[in-house]
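Please work through the exercises below with the sequence and the structure side by side, trying each task before reading its solution.

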Amino acid sequence: MGVSRGSGYGAGPGSRHVRMLIPLKAGEPIYGQIYRFVRAQILAGRLPAGARLPSTRAWALQLGVSRTTVLQAFEQLAAEGYVQGVTGSATVVAADLPDSLGRTKAADGSGAAQAVPALSKYAARLLAETEHRPPDPPIAKQPGHVDFHYGNRIAIDFPHRAWHTLVSRRAARAVPSGAPGGGHMALREALAAHLHRTRAVRCNPAQVVIVNGSQQALDLVTRLLVDTGAPVVIENPQYHGARQTFRAAGARLIPCPVDGDGLDVTALPRSPARVALVYVTPSHQFPTGTVLPLARRLALIEWARARQAFILEDDYDGELRYDSRPIEAVQSLDTTGRVIYMGTVSKALTPELRIGYVVLPQSLVSPFLAAKWVADLFAPTAPQMVLAEFFRAGHYDRHLRRLREINARRRGALMTAAREQLADRVAIGGVSAGLHAMLWLPTVPIVELPLLVECASQLGVTLYPVTPYYLGQPTRSGVLAGYSSLSEHEIREGIALFGQALRSRW
Ligand SMILES: Cc1ncc(COP(=O)(O)O)c(C=O)c1O
């Protein structure tokens with residue numbers, strides 16, 4: 001067996017025994033390293049039962065350590081039953097080790113054979129869909145590079161002072177025990193009142209359930225309503241997190257086109273057959289940013305009623321509206337208890353809080369609470385208590401007003417720069433609400449979008465193609481521009497660079 005001194009791998013002395021390399025790291029006890037190395041080889045099956053180890057003298061010579069050090073490692077291995085005969089003439093791998101040992105004990109990254117899981121059908125569908133996800137933003141921001149990633153936040157937008165005052169006040173009190181599965185009641189009450197006032201949502205606090213981000217609401221609603229093969233209608237293009245959730249559940253997805261007014265309700269399936277769920281983002285369609293007009297909202301409710309479908313209304317960023325008052329939620333127009341409304345504080349505060357909420361029709365409250373309990377018992381209470389107080393003290397409203405002002409300025413910078421720099425090469429859409437806009441690019445063929453994005457990236461700006469948000473072939477060419485993490489100056493710079501890339505060929 002070969003050994004080497006110092007860090008890294010080294011070749012062994014070429015003994016006639018099993019020949020291997022041993023990686024030694026500086027600063028760690030040699031005895032422990034020899035012990036772990038031999039054990040890993042045994043567990044991985046590379047040293048089979050009965051295999052003879054080199055003598056302690058050979059190891060000691062090779063490593064330049066005392067025989068006692070090597071003996072110590074061997075004795076430890078013998079004490080644990082990995083080897084036999086340490087003090088005799090030869091040390092051999094124990095004969096009675098079970099075959100399964102390697103697979104159960106080799107979690108130390110030693111290169112041992114890893115068990116191949118027999119993945120469920122759910123997992124297989126989940127992973128297949130994962131390949132079509134839009135790219136994540138780079139973890140480290142390159143200095144000077146302008147990244148229009150949708151969803152990025154900027155630290156100065158968070159209401160640090162008010163939040164931290166409430167956190168320290170809350171920390172001074174004991175955490176209450178027995179949090180209800182639906183969440184901290186004061187927060188549910190605050191949300192019920194807030195949603196009624198701002199979005200006309202009608203509910204009592206018991207219908208509001210706090211979830212770990214609204215993504216969890218998507219998951220749990222799907223588990224409750226969507227069996228394998230069940231029809232689910234989605235907007236096209238759509239939020240990929242919803243698509244992935246439905247796909248993993250084995251739903252039969254029915255994409256419905258989106259036009260300048262959001263979901264085209266005339267294109268909904270005409271068949272009277274039952275539909276499990278229709279998922280919509282009516283206040284700011286994701287990703288196109290269109291707003292569903294009242295007549296379409298009413299038509300959607302009627303369509304769903306006739307097919308016994310539930311409507312899942314995702315109001316992810318509707319609070320951030322710029323030009324006009326928000327249109328009332330679809331939930332507020334429904335009289336038949338078939339709208340599930342979900343929202344989040346991820347856009348207005350931060351996604352790191354993982355606080356979302358769902359307003360359930362009465363008929364779904366108990367099943368949803370049961371699903372939530374099985375998933376994770378309940379959402380963490382401490383941040384909910386802080387958020388409840390944040391609402392009660394009026395901070396949330398004040399913060400929203402400030403956030404709207406800041407983002408209205410960013411949005412203005414984007415629109416002006418796009419008009420000046422991109423002129424008729426762009427049609428800007430989805431700017432009435434939220435934290436991103438669509439830049440439709442009529443002169444860029446859809447297949448050339450990756451090339452344009454690459455060109456822009458070379459110049460120092462990243463925009464995100466709309467392509468991965470479509471189920472099937474995209475019908476329009478364009479890029480998403482999230483502006484919530486950029487200064488007005490960066491936005492102008494970024495659009496100027498993007499214009500340069502666009503003009504270079506398109
Ligand atoms: C349209 C839409 N819905 C839902 C979510 C989930 O948000 P969260 O789980 O952070 O509440 C997101 C996240 O970006 C989103 O874009």
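**Exercise 1: a loop residue and its backbone**

Gln308 sits in the loop between H10 and strand S10 (310-314), where helices (H or I, at least four residues) and strands (E, at least two) are DSSP runs numbered from the N terminus. Residues are numbered from 1 along each chain as its sequence is written. The model is predicted, so that local features need pLDDT of at least 70 and side-chain atom pairs count only at pLDDT 80 or more, while totals for chains, interfaces and linings use all residues.

Task: state the sign of phi at Gln308, and decide whether Gln308 is buried, partly exposed or exposed.

Solution. Begin with the backbone: Gln308 has a positive phi of about 50°, although this residue is not a glycine. Then apply the cut-offs, by which a residue is buried if 20 or more other C-beta atoms (placed from the backbone) lie within 10 Å of its own, exposed if 12 or fewer, and partly exposed in between. Because 13 other C-beta atoms lie within 10 Å, Gln308 is partly exposed.

**Exercise 2: a second loop**

Task: find where Ala423 lies, and decide whether Ala423 is buried or exposed.

Solution. Ala423 belongs to the loop between helix H14 (395-422) and strand S13 (427-429), and its phi, near 45°, is positive in a residue other than glycine. Ala423 counts as exposed because it has 11 C-beta neighbours inside 10 Å.

**Exercise 3: cis peptide bonds**

Task: which residue does a cis peptide bond join to Pro237, and which to Pro287?

Solution. Asn236 is joined to Pro237, with omega about 5°, in the loop between strand S6 (231-236) and helix H9 (240-248). Phe286 is joined to Pro287, again with omega about 5°, and Pro287 lies between strand S9 (277-280) and helix H10 (294-306).
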